[in-house]
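Reader: I am new to this structure and would like to know how its labels are earned. Please show it, and I will ask about the words used for it.

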Amino acid sequence: MKFGFFTMPEHPPRENWTLSYDRDIATIVEAERLGFSEFWIGEHHTGGYENVPVPEYMIAKASAVTHRIRLGTGVINLPYQDPFMVAERMAFLDHLTHGRLEYGFGGGGLPTDKALFGLEPSEASPRTNEALEIIWQLLTSDDPVTYEGVYWKYENRQLQVGPYQDVPPFAIAGLTGVHNYAKCGERGWKPLSVHFAPTDNGTYQDAPDLKAMGAAMLEAGARSGIDPAVTRDNWRIVREVYVTDDKDQALRDIREGVKLSYDYLFGLGLGALMKIGDGMTDADLTLDWMVDNIPWIIGSPEDCVRQIKELEEEVGGFGTLLINCRDWVTTDRWNRSLEMFARYVMPHFTKRERLDRRQKLADRALGID
């Protein structure tokens with residue numbers, strides 16, 4: 001398993017937003033130092049909390065102060081933008097990052113963003129699908145592209161600057177259905193499962209759970225002849241993560257920040273995507289309930305190792321766990337959580353045989369059989 005980060009980014013309106021951008025860049029630098037493999041940055045235009053309208057700018061700056069970590073758009077919202085311009089910007093950015101770019105796309109999750117651009121919600125999915133096909137053709141074809149679609153029409157369009165990577169690594173996020181997960185399975189792309197998707201919602205009500213997402217991508221991948229192990233390795237799952245001395249301390253640390261975050265999400269109507277079973281209200285989505293039922297990865301390093309293993313077993317395996325970046329605590333506490341995760345949690349899932357060998361050597365030195 002690999003580990004990385006997803007940032008919406010979330011910075012409440014009470015924050016210094018200029019400083020927040022610098023802090024996010026510093027987090028990316030710290031993530032690379034601690035050995036995380038990737039960092040995804042979202043795009044939003046309204047709401048007053050998620051304050052990066054152009055993730056490509058953040059990635060360009062971050063790439064100048066890092067060397068190894070991969071950087072992804074998580075995600076570019078395709079319904080609002082000209083696909084040719086998106087393909088051109090991303091191909092150029094691929095060069096500036098020297099091939100460390102992950103090409104993340106989606107339909108846009110914020111209802112207020114859709115309203116800003118006058119987008120009918122029913123058009124989000126078909127516009128996204130059409131844009132994806134255009135962008136893929138522009139990035140992978142050696143010849144000019146002609147495309148006659150419902151929303152965009154191009155004749156003999158070709159990128160002056162093609163991508164740095166031979167095959168651009170596409171990724172798609174999905175919120176309200178499994179169609180994007182099926183598309184990723186079919187095409188060999190990387191699906192991104194959002195942080196509030198429950199493992200199993202029991203009734204598949206307003207949104208799919210992780211099990212439904214996994215089933216959709218595996219079934220589509222099998223039809224395309226893609227090895228299930230490859231499909232699972234492509235899967236990114238985002239979770240709320242906070243590591244400290246014990247679970248009680250973790251809950252005390254984050255409680256106030258969680259309320260700000262989820263009051264915002266509930267106000268957007270996204271609480272419906274988290275509920276399990278029948279009859280739940282937003283008021284039932286308390287911190288303690290979400291920690292146990294989504295579930296989150298919260299508590300001591302030992303707690304977190306156990307919770308990740310349980311998640312892995314519950315969904316049948318996945319490739320990368322992405323920590324959702326939050327402004328719930330001060331920077332020193334957040335960085336301590338990340339360091340504890342890197343030092344005490346990650347070794348249980350990466351280079352496991354080396355960890356086991358080290359433990360055997362230590363036991364032998366102490367005379368433990």
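Author: What follows is a set of questions about labels, each answered from a value and a cut-off.

Reader: What kind of model is this?

Author: The model is predicted.

Reader: Why is asparagine 324 called buried or exposed, whichever applies?

Author: Buried means under 20% relative accessible area. Asparagine 324 has 0% relative accessibility, so it counts as buried. Asparagine 324 lies in strand 13, residues 320-324. In space its C-alpha is 5.8 Å from that of threonine 7, although 317 residues separate asparagine 324 and threonine 7 in sequence.

Reader: What makes arginine 33 and glutamate 30 a salt bridge?

Author: The label needs a side-chain nitrogen of Lys or Arg within 4 Å of a carboxyl oxygen of Asp or Glu. For arginine 33 and glutamate 30, the closest N and O atoms are 2.8 Å apart, and the pair forms a salt bridge. In general, side chains of opposite charge can pair when their charged atoms come close.

Reader: Why are arginine 33 and glutamate 30 said to be separated by about one helical turn?

Author: Arginine 33 and glutamate 30 are 3 residues apart in helix 1 (residues 17-33), and therefore about one helical turn lies between them.

Reader: How do you know which of these two is buried and which is exposed?

Author: Exposed means over 50% relative accessible area, and buried means under 20%. Arginine 33 has 55%, so it counts as exposed. Glutamate 30 has 17%, so it counts as buried.

Reader: What makes lysine 259 and aspartate 263 a salt bridge?

Author: The cut-off is again 4 Å between nitrogen and oxygen. The closest N and O atoms of lysine 259 and aspartate 263 are 2.6 Å apart, and a salt bridge is formed. These residues are 4 residues apart in helix 9 (residues 247-267), which means about one helical turn separates them.

Reader: Why do lysine 259 and aspartate 263 get the exposure labels they have?

Author: Lysine 259, with a relative accessible area of 53%, is exposed because the label requires over 50%. Aspartate 263 has 40%, which lies between the limits of 20% and 50%, so it counts as partly exposed.

Reader: How do you know that arginine 343 and glutamate 339 meet in a salt bridge?

Author: Their N to O distance is 3.3 Å, and the side chains meet in a salt bridge; the limit is 4 Å. Arginine 343 and glutamate 339 are 4 residues apart in helix 12 (residues 331-345), and so about one helical turn separates them. Glutamate 339 is partly exposed, because its relative accessible area of 30% is neither under 20% nor over 50%. Elsewhere, salt bridges that share partners join Glu10, Glu240 and Arg326 into one network.

Reader: How many salt bridges does the structure hold?

Author: The structure holds 24 salt bridges.

Reader: Why is leucine 96 called partly exposed?

Author: Its relative accessible area is 43%, and because this falls between 20% and 50%, leucine 96 is partly exposed. Leucine 96 lies in helix 3, residues 83-96. Together with Phe92 and Val161, Leu96 makes a nonpolar surface patch of about 260 Å².

Reader: What makes the phi of histidine 98 worth a remark?

Author: Phi of histidine 98 is near 55°, a positive value in a residue other than glycine. Histidine 98 is in the loop between helix 3 and strand 5 (101-106). At 59% relative accessibility histidine 98 is over the 50% limit, so it counts as exposed.

Reader: What is noted about asparagine 156?

Author: Asparagine 156 also has a phi near 55°, positive in a residue other than glycine. Its place is in strand 7, residues 153-157. A relative accessible area of 52% is over 50%, so asparagine 156 is exposed.

Reader: Which peptide bond at proline 9 is cis, and what is its omega?

Author: The peptide bond from methionine 8 to proline 9 is cis, with omega near -20°. Proline 9 lies in the loop between strand 1 (2-7) and helix 1. Isoleucine 294 and proline 295 are also joined by a cis peptide bond, with omega about -10°.

Reader: How much space lies in the largest pocket?

Author: About 760 Å³. Of the 38 residues lining the largest pocket, Gly107, Gly108, Gly109, Leu110 and Leu175 are the closest to its centre. The lining divides into 17 nonpolar, 18 polar and 3 charged residues. Helix 5 gives the largest share of this lining, 4 residues.

Notes. Residues numbered from 1 in each chain as written. Predicted model: local features only at pLDDT ≥ 70, side-chain atom pairs only at ≥ 80, totals over all residues. Heavy atoms only, no water. 1 Å grid on protein atoms, 1.4 Å probe; cavity = no way out; pocket = protein on both sides within 12 Å on 5 of 7 lines; lining within 4 Å. Points joined across faces, edges and corners; volume = space filled by probe spheres on them. Helix = DSSP H or I, 4+ residues; strand = E, 2+ residues; numbered from the N terminus. Nonpolar A, V, L, I, M, F, W, Y, C, P; charged D, E, K, R; others polar. Patch = residues over 30% accessible without salt bridge, like charges linked within 9 Å, V, L, I, M, F, W, Y side chains within 5 Å. Areas by Shrake-Rupley, 256 points an atom, 1.4 Å probe, with all protein chains shown as cover. Buried < 20%, exposed > 50% of the residue type's maximum accessible area, 1.4 Å probe, protein only.
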